[in-house]
Amino acid sequence: MATDWKSTFQKQDAIWIHDNKPARPHALLTSGLHSNGFVNCSLVTQDAALLKTIVSGPDGLAPRLLDKPDWVIGSALGAVTFAYAVALQLGANAGFTEKDGEAMKLARFEVKPGQKILVVEDTISTGGSTLKTIEGIQKAGVPAENILPYIVCLVNRSGSSSLGGRELRALLTLDIHNWAADDCPLCKMGSQVVRPKANWAALTGAYA
Ligand SMILES: [Zn+2]
């Protein structure tokens, strides 16, 4: 039987999705937007054995990892562990981009001319940091055609199957939405908005 990755992530407490009941609060994101879901992939990637199963298992990412890039690169810090796990599976080098003001740069790793890169991400929400990672790799001198035409991620909650012209290959695709406070349907139904990490029990637990 195929693995139910959504329930695996829920068991790790790594995802929460609103149950559409007004008594259930919803999430206030750092951006100020309201959301009916929250993803914290660190609670999955911290479990090294689980991450190995996700990357190498037959119903995990392995069937989507058919090319053999020279490098697997994610963005620091969220995708460092994931990039390493995928690189181990593919026999590639593992690297990461890091913050440089508003941008991401490839600072510690030297990609040789002609080498191919697979970009990975833990969670794709707006895709902003992933696009910055791709820009950073190109700024380091890697031509766009040497970056594989797909991005491998653990969770795609962007609502799109591509990002910046590259296909998104996700372990888990979630239907999660964000709204400005004024447009939030959960506020309109009477649900309270709360900071998710500090109120995790209220989001995920039984009703009082
Ligand atoms: Zn709201």
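In this predicted model, four strands come together as an open sheet, in the order S12-S3-S2-S13 and with mixed pairing. Strand S12 (178–179) and strand S13 (193–194) lie at the edges of this sheet; each has a single partner strand, so one side of each is left without a neighbour there. Strand S2 (residues 26–28) and S13 run parallel and are joined by 2 bridges. Within this pair, His26 is found opposite Val193 of S13. As background for a reader meeting such sheets anew, strands of a sheet pair through backbone hydrogen bonds, and the pairing is either parallel or antiparallel.

Stepping back to the whole protein, the model contains 7 helices and 13 strands. The radius of gyration is 18 Å, close to the 17 Å that the globule rule gives for 208 residues, so the protein is as compact as a globular protein of that length. The C-alpha trace spans about 60 × 40 × 25 Å along its principal axes. Of the 208 residues, 46% are buried. Contacts across the sequence are well represented: among those with a separation of 6 or more, 64% are between residues 24 or more positions apart. The protein exposes about 10500 Å², and 52% of that area is supplied by carbon and sulfur atoms.

A good place to look next is strand S9 (residues 147–156), where 9 of the 10 residues are buried, leaving the strand mostly covered. S9 pairs with strand S8 (residues 117–124) in the parallel sense, over 6 bridges. In this pairing, Glu121 stands opposite Cys153 of S9. S9 also runs parallel to strand S11 (residues 166–173), and 6 bridges join these two strands. Here Tyr150 is the residue that stands opposite Glu167 in S11.

The link between S8 and S9 can be followed through a helix. S8, helix H5 (residues 128–139) and S9 together make a right-handed β-α-β unit. One residue of helix H5 is Thr130, and a closer look at this threonine helps to show how the unit is packed. Thr130 has a relative accessibility of 1% and therefore counts as buried, the cut-off being under 20%. Leaving aside residues up to four places away in sequence, Thr130 touches Val119, Glu121, Ile124, Ile151 and Leu163. Among these contacts, Glu121 is also the residue that stands opposite Cys153 in S9.

Cys153 leads on to the question of cysteine bonding. A disulfide is a covalent bond between the sulfur atoms of two cysteines. A search of the whole structure finds 0 disulfides. Cys41 takes part in none, and the nearest cysteine sulfur to it, that of Cys153, is 8.7 Å away. Cys153 is likewise in no disulfide, with the sulfur of Cys41 as the nearest cysteine sulfur, at 8.7 Å. Because a disulfide is counted for sulfur atoms within 2.5 Å, this pair does not qualify. As for their surroundings, Cys41 is buried, with a relative accessible area of 2%, and Cys153 is buried too, with a relative accessible area of 0%.

Terms used: Residues are numbered from 1 along each chain as its sequence is written. This is a predicted model: local features need pLDDT of at least 70, side-chain atom pairs count only at pLDDT 80 or more; totals for chains, interfaces and linings use all residues. Side-chain values use heavy atoms; hydrogens and water are left out. Buried means under 20% relative accessible area, exposed over 50%, partly exposed in between (1.4 Å probe, protein chains only). Two strands pair if DSSP finds at least two bridges between them. A crossover is right-handed if, with the strands pointing away from the viewer, the path from the first strand over the helix to the second runs clockwise. The radius of gyration is taken over C-alpha atoms; the globule rule is 2.2 Å times the number of residues to the power 0.38. Contact means heavy atoms within 4.5 Å. Accessible areas come from the Shrake-Rupley method with a 1.4 Å probe; for residues, only the protein chains shown count as cover.
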